[in-house]
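This report describes the internal cavities, the relation between the chains and one helix of the structure shown below.

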Number of protein chains: 2
Amino acid sequence: MEACNRVIVSRMQSPVELIPRLAAHLVAAGGKRIRPMLTIAAARMAGYRGERHINLAACVEFIHTATLLHDDVVDESQLRRGLASANAVFGNKASVLVGDFLFSRSFELMVEDGSLSVLAILSAASSTIAQGEVLQLVTQNDLATTEAQYLEVIRCKTAALFAAATRIGAVVAGRGREEEEALEAYGLNLGTAFQLVDDVLDYAAEQERLGKTVGDDFREGKVTLPVLLAYAAGDEEERAFWRRTIEDQDQREGDLEHAMRLMARHGALAETVRRAEAYGDRARAALAGFPDGAERQALAGIVEFCIDRVR
Amino acid sequence: MEACNRVIVSRMQSPVELIPRLAAHLVAAGGKRIRPMLTIAAARMAGYRGERHINLAACVEFIHTATLLHDDVVDESQLRRGLASANAVFGNKASVLVGDFLFSRSFELMVEDGSLSVLAILSAASSTIAQGEVLQLVTQNDLATTEAQYLEVIRCKTAALFAAATRIGAVVAGRGREEEEALEAYGLNLGTAFQLVDDVLDYAAEQERLGKTVGDDFREGKVTLPVLLAYAAGDEEERAFWRRTIEDQDQREGDLEHAMRLMARHGALAETVRRAEAYGDRARAALAGFPDGAERQALAGIVEFCIDRVR
């Protein structure tokens, strides 16, 4: 991971000084680096002993960072990882363009690596992410969104990159299709669990002391699973509340707290966590065919870590 | 070009219906399609007889379209090609995300083609474009920008993609380094001429009847060559005018017309056109080593076409 961080810092450089400054704001703020960790652990678990996985892990993090920059512009977020978001500090314009730069740089790094299979996996994942983000935009403020549509959004916008990150680990290790698919299944299920937990955290009041903003999804009218479950279980008066706040975006003082009370009344957060746990189980099960050892334990540990955030 | 248009339309499809709708708004609005035309003509001139150049031309147009979508968000443009811009119709969020989609889709298409050389050229061009756009953002509203910095901006943001578009023509034809570099030089000089002319057109009143907005660059405080030349040649009063309008962005009724008068007084537009013509000459000269024929004449004709826009 240290080697990967060095690649990230050295390859986000540009003669245009604003680029590394803005990128550093986000990269150095230090996120969890889960995705590059997945590539590194997956490659080693699949028996890879070379060094290519380091640069490829950096590619994955660059794609993730680019999507974060664009997400924050799209969501008009003011906070990211407990700090002012890049768009809040440097403006939307610079965030869009530096996102484009990191995205391009990621492909330059992949080309240096030279594997068309890796390029295929990560370009497909990038296109899936963008489609997921647009789908999320389209379903925003729409309580008629189905659970299936919601799951499709999170599969595309989040799980696809987790799945690509782990699959390329098998690819650099030169493993066959079966191992590639097992690692992809691990990533896809982990990513889904991760996003379900994220969607719970947005309504978890105790997060506020962790420097996270609570209620962003609510304010933006995002139709996440906790909302869908509370809406489905609500009476007519509750449904009117959800329509006013999520669909009409007519929000007043105390509405977020009321939304949290309704979710508690119907166990919407607990049910979402249960779903996340089920995806987590499937992720762990996908590791069964690999030799037990430090890397497999690390990958199983990441599942725990993701879900523990909400416990 | 018809085959290329078909690829563009078929590959901008997505199950997320907003994506083709937004992309179609821009793509179907019809632009000049200069960049894909460059790839197609360059490949044929270099002796290529296959069909790969069609998809690669579509890749180039997708990258261009993605940058247009992001540019219009960054510039807060309301018009594009005489129609309401995509961001004006569909919002900034969708424009950012559909730009990301087209960009990813372009790389998917390149991976299908399977040439790492092409991937290297177009990923490097994409990264250069993003750096150029950031550099433009940094120099905006700054009359201390040098001509060299301005030329660097337009080399990166515009000429680099022209150069990549023509160079990959030589690559698919399997020509050696010398032909690749000649075609790259053609594209680089043509792209520079093209952008210089574009920067003149933004101050050319008669463009208004062509459905183009005039004065966008002025309103945004972009420091283009016509401004730099007029500022350098101006007296103290004129310089105060430029500082107020471009640097302080304090613009009043009649300022654009006054800016145009000052440019006319110092021949700033005519001088910029002369520079464009010199780059155009260099572009044509770069074609000298190729066999004379329909494609070479087409490529020479594109130089004329680009510069004629301002005559």
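The residues that line the second largest cavity comprise six nonpolar, five polar and three charged residues. This cavity belongs to a predicted model, and its volume is about 120 Å³. Its lining consists of 14 residues, and those closest to its centre are A:Asp100, B:Thr67, B:Phe103, B:Ser126 and B:Ile129. At least two lining residues each are supplied by H6 of chain A and by helix H4 (52-75), H6 and helix H7 (116-139) of chain B. H4(B) gives the largest share, five residues.

**The largest cavity**

In total, the structure holds six cavities of 30 Å³ or more. The largest has a volume of about 150 Å³. Its lining is formed by 16 residues, of which A:Ala66, A:Thr67, A:His70, A:Phe103 and B:Asp100 lie nearest the centre. Two or more lining residues come from each of helix H4 (52-75), helix H6 (92-113) and helix H7 (116-139) of chain A, and also from helix H6 (92-113) of chain B. The largest share, five residues, is that of H4(A).

The classes of lining residues are set out here for both cavities.

| Cavity | Nonpolar | Polar | Charged |
|---|---|---|---|
| Largest cavity | seven residues | five residues | four residues |
| Second largest cavity | six residues | five residues | three residues |

**Relation of the two chains**

A turn of 180 degrees with a shift of 0.0 Å along the axis lays chain A on chain B with an RMSD of 0.0 Å. The relation is therefore that of a two-fold axis. Both copies use the same surface, since 100% of the contact residues of chain A recur in chain B.

**Helix H3 of chain B**

Helix H3 of chain B spans residues 34-45 and has 12 residues. From its first C-alpha to its last it reaches 16 Å, close to the 16 Å expected at 1.5 Å a residue. Is this helix mostly covered or mostly uncovered? H3(B) is mostly covered, with 10 of its 12 residues buried. Among the buried residues are B:Ile34, B:Arg35, B:Pro36, B:Leu38 and B:Met45; B:Thr39, B:Ile40, B:Ala41, B:Ala42 and B:Ala43 are also included. The buried residues of H3(B) pack against helix H1 (2-11), H4, helix H8 (147-172), helix H9 (177-201) and helix H15 (294-308) of chain B. B:Gly47 follows H3(B) and has a positive phi, near 95 degrees.

How values were computed. Residues are numbered from 1 along each chain as its sequence is written. Chains are lettered from A and ligands numbered from 1 in the order in which they are written. This is a predicted model: local features need pLDDT of at least 70, side-chain atom pairs count only at pLDDT 80 or more; totals for chains, interfaces and linings use all residues. Side-chain values use heavy atoms; hydrogens and water are left out. On a 1 Å grid over the protein atoms alone, a cavity is a set of points where a 1.4 Å probe fits but cannot get out, and a pocket is an open set with protein on both sides within 12 Å along at least five of seven lines; lining residues have an atom within 4 Å of a point. Grid points are joined across faces, edges and corners, and a volume is the space filled by probe spheres set on the points. Helices (H or I, at least four residues) and strands (E, at least two) are DSSP runs, numbered from the N terminus. Ala, Val, Leu, Ile, Met, Phe, Trp, Tyr, Cys and Pro count as nonpolar, Asp, Glu, Lys and Arg as charged, and the others, Gly among them, as polar. Copies are superposed by least squares on the C-alpha atoms of residues with pLDDT of at least 70 in both. Contact means heavy atoms within 4.5 Å. The expected span of a helix is 1.5 Å times one less than its number of residues. Buried means under 20% relative accessible area, exposed over 50%, partly exposed in between (1.4 Å probe, protein chains only).
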